[in-house]
Amino acid sequence: MADTALMSIPGQVDPVPAPRDITPRADGRTDLMGVPKERIQELFAEAGLDPKQAKLRSKQVFHWIYHRGVSEFADMTDISKAMRPWLAKRFVIARPEVVEAQHSTDGTRKWLLKTADGHEYEMVFIPDADRGTLCVSSQVGCTLNCRFCHTGTMKLVRNLTPGEIVGQVMLARDALGEWPKGSMAGLDGEEDSSEYRADGRLLTNIVMMGMGEPLYNFDNVKTALKLVMDGAGLALSRRRITLSTSGVVPMMGKCGDEIGVNLAVSLHAVTKEIRDEIVPLNKKYGIEELLAACAAYPGASNARRITFEYVMLKDKNDSDEHAHELVRLIKEYGLPAKVNLIPFNPWPGSAYECSTPERIKSFSNIVFEAGISAPVRTPRGRDIDAACGQLKTAAAKKSRAQRDREAAEAATN
Ligand code: SAH
Ligand code: SF4
């Protein structure tokens, strides 16, 4: 079985990518969740099916998993009755375990999930009048320690597997009752098209904005998002998927080329001094380098703008001068941009306060008057700690002070 130990990362270092593509299981069966179709075919062949059978069965199973949401081989009615137990003995189609499901008064839902090897992570669903957005996690914790982010205070980190990432989308579809209804169990597999429901979905958009830095888990995020976009399965358009990065510059071009989703960048400050403090990754990839990578982002255009996220921290990054500088930078780099102003969401022990509504309004007006859209994001799900930056599982609750102390000790040892 693959090593599932968590990585303990004391300071500002890149995580070692976990060498695993299949979610490990204690019972020895192979979990097909998150496995690409071609790989399912290989696994079926390795288990003993002849090449033609392996190809046919992988196509059928893929359809049942991602188009129909079925997780029992017994329900796959176009696969022969004898074959179904053969598959079930060797394979499984798992979902992340739900530890707790919470509902906010504003309709936002948060799920605390658990991996097969016992690590906890979270996903959030945010319903709006015209869309429903699922906020998906890419790692347990995060190595990057942005000073305003609760997830960044988690000491323990491991990359999520493709199955654990796409499993979040599957679970959300389960919870929202969004699989096509067709006639399934025990029948001959023929569908009544009148029962088939493809439109009017609640889950319309995905944002990679949960726990973790998605570009530090590039391969697994890519595999998972390819499955989400596959027309034979979940079939969500790449235009409805946004990946948010804190600025992992060397991976940004690759993200545009190989995944092709919308990009959001957590800018949060316009001077080196302030960004170094609040987004420490800035010491490695500075603002100029980051904006140049944005200007070169494949697929960015006026029709597909790059979103700059800007958390509003009182007396830190929220002055009129900062707003003017933000406009200047966006213009200097010729960026097709919009700016999302995020009121800071506090958490126990956080070192900052949210800017006043007047300050946020003034900042927004300056950016807006320069011709750049600058909406203020309404915080959602604050009452259940589901808002931006509030995600943190109980696994490793340590104070910032304790964390800094440990990092200092590790540096002197
Ligand atoms: N790691 C990625 C994606 C996850 S964070 C990234 O940093 O971009 C999603 C967004 O929430 C980021 O823009 C992040 O900076 C922001 N955020 C983090 N903590 C926050 C807080 N306490 N209040 C408001 N926004 C926060
Ligand atoms: Fe990690 Fe993003 Fe939080 Fe920074 S803001 S610590 S990159 S999750």
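Reader: Which backbone oxygen does the side chain of asparagine 217 reach at 3.0 Å?
Author: This is a predicted model, in which local features need pLDDT of at least 70 and side-chain atom pairs count only at pLDDT 80 or more, while totals for chains, interfaces and linings use all residues. Residues are numbered from 1 along each chain as its sequence is written, chains are lettered from A and ligands numbered from 1 in the order in which they are written, and side-chain values use heavy atoms, without hydrogens and water. Asparagine 217 lies in the loop between strand 10 (205-208) and helix 5 (218-229); helices (H or I, at least four residues) and strands (E, at least two) are DSSP runs numbered from the N terminus. From that loop, its side chain reaches, at 3.0 Å, the backbone oxygen of serine 138.

Reader: Is asparagine 217 buried or exposed, and with what relative accessible area?
Author: A residue is buried under 20% relative accessible area, exposed over 50% and partly exposed in between (1.4 Å probe, protein chains only). Asparagine 217 counts as buried because its relative accessible area is 4%.

Reader: How many residues of strand 13 are buried?
Author: On one side of strand 13, Ile306, Phe308, Tyr310 and Met312 are buried. On the other side, Thr307, Glu309 and Val311 are buried too, so that both faces are covered. Strand 13 (residues 306-312) is therefore largely enclosed by the rest of the structure, the buried count being seven of the seven.

Reader: Which residue of strand 14 is the bridge partner of phenylalanine 308?
Author: Strands pair if DSSP finds at least two bridges between them. Strand 13 pairs in the parallel sense with strand 12 (residues 262-266) over three bridges, and serine 266 stands opposite glutamate 309. With strand 14 (residues 337-343), strand 13 pairs in the parallel sense over seven bridges. There, the partner of phenylalanine 308 is valine 339.

Reader: At what distance from an oxygen atom of ligand 1 is an N or O atom in the side chain of serine 266?
Author: Serine 266 is among the residues that come nearest to ligand 1, with Phe148, Gly212, Ser244 and His268. Backbone N or O atoms of glycine 212 and of asparagine 345 each lie 2.9 Å from a nitrogen atom of ligand 1. For the side chain of serine 266 and an oxygen atom of ligand 1, the distance is 2.6 Å.

Reader: How many charged residues does the shell around ligand 2 have?
Author: Cys142, Leu144, Asn145, Cys146, Cys149, Gly152, Gly212 and Ser246 surround ligand 2, each with a heavy atom within 4 Å of it. By class, the shell has four nonpolar and four polar residues, and the number of charged residues is none.

Note on methods:
Ala, Val, Leu, Ile, Met, Phe, Trp, Tyr, Cys and Pro count as nonpolar, Asp, Glu, Lys and Arg as charged, and the others, Gly among them, as polar. A polar contact is a pair of N or O atoms within 3.5 Å; within protein, one must be able to donate a hydrogen and the other to accept it, and residues adjacent in sequence count only if both atoms are side-chain atoms.
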